[in-house]
Amino acid sequence: MAGPIFKTKRNGAITVVIDGNDGTGKSTLVSSLRKAGFSVKDRGIPSLMTDGKKLKFPKNEIYIILDAPVSVCRSRLKSAGKNLKEKYHTISDLKYYRKRFLKIAKEIPRSAVINARGNQTVILQKTIRAIMILTRLYK
């Protein structure tokens, strides 16, 4: 399926970076966006920033932060057969990193927070709408 690859005159192709807590549906969303023709990265600068790193944002990236309640993330991780005692999957880690991602989202240029609580089709639709709005910042 040929999809929209967004380009700018100054910065070339735009890459969509999908980030957020484990269990928010990043991998599923990344796969769906790639099938639709988007240039997508699974995790990026926002993940690095959750541990306190200060980095510059490439001008050709836009950022989508997926957010879901800890209970939803845990349920998805459990359904996927993940170890809920593993680092980043514990209740305390999911709470901590959820707060960090939401705080960081306010500092990131060209970003949107997507409520990832619902089904994957709705999340994909919300994300594509956000991408369309964020790419207008380049014109």
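**Close-ups of Ser-111 and helix H3**

**View 1. Ser-111 sits in strand E6, which covers residues 111-115.** Keep in mind that this is a predicted model. Who does Ser-111 touch, leaving aside residues up to four places away in sequence? Its partners are Tyr-63, Ala-105 and Leu-134. There's also a long-range pairing to look for: Ile-64 is 47 residues apart from Ser-111 along the chain, yet their C-alpha atoms are separated by just 5.7 Å.

**View 2. The side chain of Ser-111 meets two backbone oxygens.** Zoom in on a polar atom of that side chain, and you'll find the backbone oxygen of Ala-105 at 3.2 Å. The backbone oxygen of Ile-108 lies 3.0 Å from a polar atom of the Ser-111 side chain. Ala-105 is also one of the residues that Ser-111 touches.

**View 3. Helix H3, residues 70-79, has four buried residues: Val-70, Val-72, Cys-73 and Leu-77.** Why do they end up on the same side of H3? It's because they cover an arc of only 160° around the axis. A bit of helix geometry helps here: an α-helix has 3.6 residues a turn, so residues three or four places apart point the same way. And what do the buried residues of H3 pack against? That's helix H4, residues 91-105.

**View 4. Flip your attention to the face of H3 turned away from its buried side.** This face carries the exposed residues Ser-71, Lys-78 and Ser-79. Follow the chain on to Gly-81, just after H3, and you'll see a backbone twist with a positive phi of about 80°.

Notes:
Residues numbered from 1 in each chain as written. Predicted model: local features only at pLDDT ≥ 70, side-chain atom pairs only at ≥ 80, totals over all residues. Heavy atoms only, no water. Buried < 20%, exposed > 50% of the residue type's maximum accessible area, 1.4 Å probe, protein only. Helix = DSSP H or I, 4+ residues; strand = E, 2+ residues; numbered from the N terminus. Arc of directions from axis to C-beta. Contact = heavy atoms within 4.5 Å. Polar contact = N/O pair within 3.5 Å; in protein donor to acceptor, adjacent residues only side chain to side chain.
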